[in-house]
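Grab a pencil and work through a few exercises on the protein shown here. Try each task yourself before you read its solution.

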Amino acid sequence: MDEVKEALQHAAIEIAEVMRVGDLNSNFGKKKGTQNDSGDHQETVDVIADEAMEKWLMRCSAVRGFASEERDDVIMKAGNEGFLVTYDPLDGSQNIAVNITTGMIFAVFKEARGLPRNGRDIVAAGYAIFGAATSFVFATKAEGVCLYTLNHKTSRFERTKTDHKIPTKGKVYACNEGLVSSWCVPRSVAWAGAMRGRSVRWMACMASDAHRILMNGGGFLLPADAKNSNGKLRLVYEAYPMAFIFETAGGTGTLENLTPLLDMPFPHQVQKLHMKVPVFLAGPAESEVYSKL
């Protein structure tokens, strides 16, 4: 597992350097002119980030295959042994044009032949945040949720926190409440109403929005709405990893009907690999409120 973590950290460092250069790179923030298989318009830097992930995962002998939000199928390497890694190489890329936080999200599935059964086959998950500092979060059942910060002088991540637990109750919540009139599920509407009186924070980047909740407590909600009746976040590349991290930290990750995200079957059909779901992530107090509505 250490080899996989190091490969992911190397990829994060390479992507972070691209983000640091910003507009000094003539291609930074430009549309590539195509849509990925998740239906999103690709930025040129999306492709650069995906290529960085591919390079380091291909070099990692402990990885047997990987699946990216930017690709249409699972890429399998020669041999039947090793971990399967799924990832969103650049989360929140719509923030690039205004120089706001972006991230990278990933999950590592246990060594086995074939594709995973569900999210319970995840053995590690994490994300990177490209902001004022470059952070790297890595969660396993054995060591819990560990936080790292990139030391740009040495180009290495240094551990800054071990076995983090989400606070029982937070002071903020994260959702795009401006769209509440189009939400499909009354429970989510009622939960947002119950949270009013707290501060709401929304960056439109799952990695950074969920990170704030993970560190400070509260709840994150991106529900189904009239335009996106199945939800907006990809099960394999975004929902699975964050649910694993939140559960490991003592929180929850569910659908709007309270089904644990990690219990959702892994989509084995190529056309469903990019399936989207509604997502609720929270600490104990906010989860209890949501479950009783």
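What follows is a set of short exercises on cysteines, charged pairs, cores and rings.

This is a predicted model, where local features need pLDDT of at least 70, side-chain atom pairs count only at pLDDT 80 or more, and totals for chains, interfaces and linings use all residues. Residues are numbered from 1 along each chain as its sequence is written, and side-chain values use heavy atoms, with hydrogens and water left out.

**Exercise 1. Find out how many disulfides there are, and why Cys60 is in no bond.**

Step 1. Start with the rule: a disulfide is a pair of cysteine sulfur atoms within 2.5 Å. The count by this rule is zero.

Step 2. Look at Cys60: the closest cysteine sulfur belongs to Cys146 and is 18 Å away, so it is too far for a bond.

Step 3. Cys175 is in no disulfide either, as the nearest cysteine sulfur, in Cys184, lies 15 Å off.

Step 4. Now check burial, where buried means under 20% relative accessible area, exposed over 50%, and partly exposed in between (1.4 Å probe, protein chains only). Cys60 is buried at 3%, and Cys175 is buried at 2%.

**Exercise 2. Take the salt bridges of Glu14 and Arg234, and work out which partners they have and where those sit.**

Step 1. Count a salt bridge when a side-chain nitrogen of Lys or Arg is within 4 Å of a carboxyl oxygen of Asp or Glu. The whole structure has 15 salt bridges.

Step 2. Glu14 pairs with Lys55, their closest N and O atoms being 2.8 Å apart. Glu14 sits in helix α1 (residues 2-21) and Lys55 in helix α2 (residues 44-59), 41 residues apart. (Helices are DSSP runs of H or I with at least four residues, strands are runs of E with at least two, and both are numbered from the N terminus.)

Step 3. Glu14 is partly exposed at 28% relative accessibility, and Lys55 is partly exposed at 31%.

Step 4. Arg234 pairs with Glu69, with 3.9 Å between the closest N and O atoms. Arg234 belongs to strand β14 (residues 233-234), while Glu69 is in the loop between β3 (63-68) and β4 (75-76), 165 residues apart.

Step 5. Arg234 is buried at 5%, and Glu69 is buried at 4%.

**Exercise 3. Describe the largest nonpolar core and say which helix gives the most to it.**

Step 1. Build a core from buried Ala, Val, Leu, Ile, Met, Phe, Trp, Tyr and Cys residues joined through side-chain atoms within 4.5 Å.

Step 2. The largest one has 47 residues, and those with the most contacts inside it include Tyr127, Phe220 and Tyr240.

Step 3. Helix α5 (residues 235-248) gives the most, with ten residues.

Step 4. Apart from this core lies another of 37 residues, including Val4, Cys60, Phe136 and Phe157.

**Exercise 4. Count the aromatic pairs and classify Phe66 with Tyr87.**

Step 1. Rings of Phe, Tyr and Trp (its six-membered ring) pair if their centres lie within 6.5 Å; planes under 30 degrees apart are stacked, over 60 edge-to-face, and the rest tilted. That gives 14 aromatic pairs.

Step 2. Phe66 and Tyr87 are 6.3 Å apart centre to centre with 35° between the planes, a tilted pair. Phe66 is in strand β3 and Tyr87 in strand β5 (residues 83-91), 21 residues apart.

Step 3. Both Phe66 and Tyr87 are buried.

Step 4. Finally, ring pairs link Phe106, Phe136, Phe138, Tyr148 and Phe157 into a cluster.
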